[in-house]
Number of protein chains: 2
Amino acid sequence: MPIGDLPLLRAARREATDFTPVWLMRQAGRYLPEYRALRERYKFLDLCKSPDAAATVTLQPVKRFPLDAAILFADILLVVEPMGVGLEFARGDGPVIHTPLRSRGDVERLARIDARDALPFVFETVRIVRRELDRRVPLIGFAGAPFTVASYLVEGGASRDYLETKTLMYRDPVAWHALMGVLVGVTADYLNGQIEAGVQAVQLFDSWVGALSADDYRTFVLPYSRALIRALAPGIPVIHFGTGTAALLPSMQEAGGDVIGLDWRVDLGQAWARLGPDVAVQGNLDPAVLMADPDQIRLRVRAILARAAGRPGHIFNLGHGVLQHTPVDHVAALIDMVHELSSKSGER
Amino acid sequence: MPIGDLPLLRAARREATDFTPVWLMRQAGRYLPEYRALRERYKFLDLCKSPDAAATVTLQPVKRFPLDAAILFADILLVVEPMGVGLEFARGDGPVIHTPLRSRGDVERLARIDARDALPFVFETVRIVRRELDRRVPLIGFAGAPFTVASYLVEGGASRDYLETKTLMYRDPVAWHALMGVLVGVTADYLNGQIEAGVQAVQLFDSWVGALSADDYRTFVLPYSRALIRALAPGIPVIHFGTGTAALLPSMQEAGGDVIGLDWRVDLGQAWARLGPDVAVQGNLDPAVLMADPDQIRLRVRAILARAAGRPGHIFNLGHGVLQHTPVDHVAALIDMVHELSSKSGER
């Protein structure tokens, strides 16, 4: 089968598939014992920067489960580390940016990097994974979208209210627009580097963009997400993802993407109807549902598939990443359920 | 003027007003120097339990600004403290529940209380505030909605993903439904006690319900919010509020409320159109906008008022509470702008 006919890539083009393809955000991660074992030997950043180890992690879930895609093991903030912002992953906590950006001067002091030179380990990981995967499933590359990466740079880490980010937008729009412009260029180079190294689809993670009103999204985010998506090499499907985006979906679609990611807060059928027929969708099971018994999981998988109504262009996924304490056998059960319940032939 | 003709109460009934009434969630709080001064003499819980001081705090913003309502100074977790869950407000952090509920047994061990006996200080605060306010502006009482209160009881404090709460729902629905049933009864008594003491409207804070899918809302939350709202004394407007609720609004409306609270993520005009003509709306300025310059604030106030289109039944508010570092003069400017830009007579 030509690689382009693999179910995930067909679904991204809204072509019919024999069953609904499924992968899971953060499918390589702490819920897997083989990941935790490897992590004992590496700090998080060191693991991301060791191509053999990062490739091993990328492949762990694909070896264990009949997933329809692998996703590169990396972090959305890798790309900003060479810009000199003091990135650190503290044990047990989220990322910390030791010199957060709060002014135009801070933005101007960012080191100008060529992402293709600065992140060779990522591209090497992609090449190793592609060799190992052969043509079995496609490899998805990814990057943080400009807003979400900017929010970490401005807040200095995770946030609940994104107050520093919004304050910069409102009080110093010149600094904000400068920062977003820098991130578009760097991220486009980074993703095009991944594409050249062999990823067959890319996901843009605008994970925290749901903190914004639609007006702010359109003024401060949409032009940059659009410019980034337009700067990517043609022919590679782009999955455009965020959470808390019920009110932003039409604007995110306008920014671009062949596939729009849906979190669990929206009804997949209603959201897809609003987006219209010209786009595929990905989602949308609440990651917390994997804590429930398999019978419960099955009911909810069935409900999502019913809302997709067998229409070509649905990639099954969670609404956000796999949670740390998720039972591994529930993940296995989920993937089987998606394949079984969506199977057109009944033979699979 | 009869109290019922005060603008906020008219708007809650979708009757025409000369200008759009405005109040702000957390209008009494840390952004006010007079609040911070008083807080130096009281721990948070002690302040809530001291009727004279709590009344003073309630009145602080109403004395400073031409607000169209006062809101009782209290906390949504006051009602659970007498149930023996080990509530504490740690300095600088959010609330902590020292014995979180994780099972049916935990729910059964909750002390059964009569909220009317257990919280006399709240009702006394209401009576003092009403005397002081005379008939100038109405006093809004409030309680946490069952889901949001339950989320604190189950998580043991604030949460990002509400994983323990969802896990209890999914794995032990009997325990969940028992807990929600208890909270409906206690909260109904608590709010009816506030109404008897003199509040002229009530707001139900389901602040964190936006973490749920609409399916989960309908199964695990809607019946309880509805039962609670139906158990309230008639004739008192109910404001039903949550954040992140873009996909939940029709279900929240089905649960009840004369006024539906809108956070800043939704377009007020679109949301109101979806809700239909039989309900008023409250909102919906992003609290972070108060960090911007007054010119920026003005543009955004104007946009919200334009979306309300002068239709009776809009109460202006933020989409969530006033943030701690909000400039006091921006709050003053906001309230004046709402009155000025919405004024029908031009004489105000």
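This is a chat about a predicted model with chains A and B.

Reader: Okay, let's start with the sheet in chain A. How many strands form it, and in what order?
Author: Seven strands form an open sheet in chain A, in the order β1-β4-β5-β6-β7-β8-β9, and the pairing is parallel.

Reader: Which strands stand at the edges?
Author: In chain A those are β1 (70-71) and β9. Each has a single partner strand, so one side of each is left without a neighbour in the sheet.

Reader: Is β9 in chain A mostly covered or mostly open?
Author: Mostly covered: β9(A), residues 314-318, has five of its five residues buried. A:H314, A:F316 and A:L318 point one way, A:I315 and A:N317 point the other way, and all are buried.

Reader: Why would they split up like that?
Author: In a regular strand the side chains alternate between the two faces of the sheet.

Reader: Got it. What does β9 pair with?
Author: Strand β8 of chain A, residues 280-285, pairs with β9(A) in the parallel sense over five bridges. Within that pair, A:N284 stands opposite A:N317.

Reader: And what makes up the β-α-β unit there?
Author: β8(A), then helix α15 (residues 294-308) of chain A, then β9(A), and the unit is right-handed.

Reader: What about the other edge? Where does A:I71 sit, and is that residue buried or exposed?
Author: A:I71 lies in strand β1 of chain A. With 25 C-beta neighbours inside 10 Å, A:I71 counts as buried; the cut-off for that is 20 or more.

Reader: What is A:I71 in contact with?
Author: Leaving aside neighbours within four places in sequence, A:I71 is in contact with A:W23, A:Q27, A:I140 and A:F142.

Reader: How far is A:I71 from A:L290?
Author: They are 219 residues apart in sequence and 20 Å apart in space, C-alpha to C-alpha.

Reader: Let's go to the middle of the sheet. How do β6 and β7 of chain A pair?
Author: In the parallel sense, over two bridges, with β6(A) at residues 238-242 and β7(A) at residues 259-261. A:I239 stands opposite A:V259 in β7(A).

Reader: Which strands does helix α10 of chain A touch?
Author: α10(A), residues 173-197, packs on the sheet and touches β4 (139-144) and β5 (201-206) of chain A. The direction of α10(A) makes about 170 degrees with that of β4(A).

Reader: And where does α14 of chain A lie?
Author: Helix α14(A), residues 268-275, lies across β7 and β8 of chain A and runs at about 160 degrees to β8(A).

Reader: Switching to chain B. What order do the strands come in there?
Author: Chain B has an open, parallel sheet of seven strands in the order β1-β4-β5-β6-β7-β8-β9. The edge strands are β1 (70-71) and β9 (314-318) of chain B, and each pairs on one side only.

Reader: How many residues of β5 in chain B are buried?
Author: Six of its six residues, so to speak of β5(B) as mostly covered is fair. One side has B:A201, B:Q203 and B:F205, the other has B:V202, B:L204 and B:D206, and both faces are covered.

Reader: What does β5(B) pair with?
Author: Five bridges join β4(B) to β5(B), running parallel, and β5(B) pairs with β6(B) in the parallel sense over five bridges. B:A143 stands opposite B:L204, while B:F205 stands opposite B:F241 in β6(B).

Reader: Which residues of α12 in chain B are buried?
Author: In α12(B), residues 222-230, they are B:L222, B:Y224, B:S225, B:L228 and B:I229. What covers them includes α8, α10, β5, α11, β6 and α13 of chain B.

Reader: Now the contact between the chains. How many residues does each chain give?
Author: Chain B gives 26 residues and chain A gives 26 residues. On the chain B side, the elements giving two or more residues are α9 (163-171), α11 (214-220) and α15 (294-308). The largest share, five residues, comes from α9(B).

Reader: What kinds of residues are on that chain B side?
Author: The side of chain B that touches chain A divides into 13 nonpolar, five polar and eight charged residues.

Reader: Last one: how does chain B lie relative to chain A?
Author: A turn of 180 degrees and a shift of 0.0 Å along the axis lay chain B on chain A with an RMSD of 0.0 Å. That is the relation of a two-fold axis. Of the residues of chain B, B:A246 comes closest to the axis, at 2.9 Å (C-alpha). Also, 100% of the interface residues of chain B are interface residues in chain A, so the copies meet through the same surface.

Key: Residues are numbered from 1 along each chain as its sequence is written. Chains are lettered from A and ligands numbered from 1 in the order in which they are written. This is a predicted model: local features need pLDDT of at least 70, side-chain atom pairs count only at pLDDT 80 or more; totals for chains, interfaces and linings use all residues. A residue is buried if 20 or more other C-beta atoms lie within 10 Å of its own, exposed if 12 or fewer, and partly exposed in between; C-beta atoms are placed from the backbone. Helices (H or I, at least four residues) and strands (E, at least two) are DSSP runs, numbered from the N terminus. Two strands pair if DSSP finds at least two bridges between them. A crossover is right-handed if, with the strands pointing away from the viewer, the path from the first strand over the helix to the second runs clockwise. Two residues are in contact if their C-beta atoms, placed from the backbone, lie within 7 Å. Ala, Val, Leu, Ile, Met, Phe, Trp, Tyr, Cys and Pro count as nonpolar, Asp, Glu, Lys and Arg as charged, and the others, Gly among them, as polar. Copies are superposed by least squares on the C-alpha atoms of residues with pLDDT of at least 70 in both. Axes are lines fitted to C-alpha atoms, for helices over the stretch in contact, and angles run from 0 to 180 degrees between N-to-C directions.
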